Amino acid sequence: MQFFGGSEISPSPPAPTASGNNGHMLYVFNRNGICLLYREWNRPLHTLNAQQDHKLMFGLLFSLKSLTAKMDPTSAEKGNLGVPQLPGQGCSFHSFRTNTYKLSFMESPSGIKALLMYVI
């Protein structure tokens, strides 16, 4: 993909390095925030115990979902920031990227939430 500046930008994630230090984490949460499944591959850094890590990831997910619902330009009723929503309600996000990782998110109609994190 080429933009006005003439620089070439690829929409795909960066290729894995030769050392293979790229980590992947998969989280599956139910609608109450309980982690049903957690798997990791080549995770480079372990700073928290598993329970704290799951709690922080669900909190991040809850906050981002609430923020995107509040900013949704298509919805007339915004509600209050931080109020739990029913599955499928509000504006949902699918992914975001920082210079350290990329997080992809999917929510099923039953409220099951799946997160895949790719550490660069």
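Let us start at K113, which is buried, with a relative accessible area of 8%. In this predicted model, that lysine is a good place to begin a short tour.

**A small charged network**

Side chains of opposite charge can pair when their charged atoms come close. How many salt bridges does the count come to? The count comes to two, and both appear in the table.

| Salt bridge | N to O distance |
|---|---|
| E107 and K65 | 2.7 Å |
| E107 and K113 | 3.5 Å |

Salt bridges that share partners join K65, E107 and K113 into one network. Look along the chain and you will find that E107 and K65 come from distant parts of it, 42 residues apart. E107 belongs to strand β4 (residues 101-107), whereas K65 sits in helix α1. Is K65 buried or exposed? K65 has a relative accessibility of 8%, so it counts as buried, the cut-off being under 20%.

**Strands side by side**

Strand β4 is also a good guide to the strands around it. With strand β3 (residues 95-97), β4 pairs in the antiparallel sense over three bridges. These two strands form a hairpin with three residues between them. On the other hand, β4 and strand β5 (residues 113-119) pair in the antiparallel sense over seven bridges. β4 and β5 form a hairpin too, with five residues between them. In that turn, G111 has a positive phi of about 100 degrees.

Now try following K102 in β4. Which residue stands opposite K102 in the pairing of β3 with β4? That residue is R97. In β5, the bridge partner of K102 is Y118.

**A buried histidine in the helix**

Next, find helix α1 (residues 50-71) and look for H54 within it. H54 has a relative accessibility of 16%; because buried means under 20%, H54 counts as buried. What does H54 touch, leaving aside its neighbours within four places in sequence? H54 is in contact with Y27, F29, C35 and Y38.

**A nonpolar patch on the surface**

Finally, turn to the outside of the model. I34, L36 and I112 form a nonpolar patch on the surface, and together they have about 260 Å² of accessible area. One of these residues, L36, is found in strand β2 (residues 35-41). Why does L36 count as exposed? The reason is its relative accessibility of 51%, since exposed means over 50%.

Methods: Residues are numbered from 1 along each chain as its sequence is written. This is a predicted model: local features need pLDDT of at least 70, side-chain atom pairs count only at pLDDT 80 or more; totals for chains, interfaces and linings use all residues. Side-chain values use heavy atoms; hydrogens and water are left out. Helices (H or I, at least four residues) and strands (E, at least two) are DSSP runs, numbered from the N terminus. Buried means under 20% relative accessible area, exposed over 50%, partly exposed in between (1.4 Å probe, protein chains only). Contact means heavy atoms within 4.5 Å. Patches are made of residues with over 30% relative accessible area and no salt bridge: like charges are joined within 9 Å, nonpolar side chains (Val, Leu, Ile, Met, Phe, Trp, Tyr) within 5 Å. Accessible areas come from the Shrake-Rupley method with a 1.4 Å probe; for residues, only the protein chains shown count as cover. A salt bridge is a side-chain nitrogen of Lys or Arg within 4 Å of a carboxyl oxygen of Asp or Glu. Two strands pair if DSSP finds at least two bridges between them.
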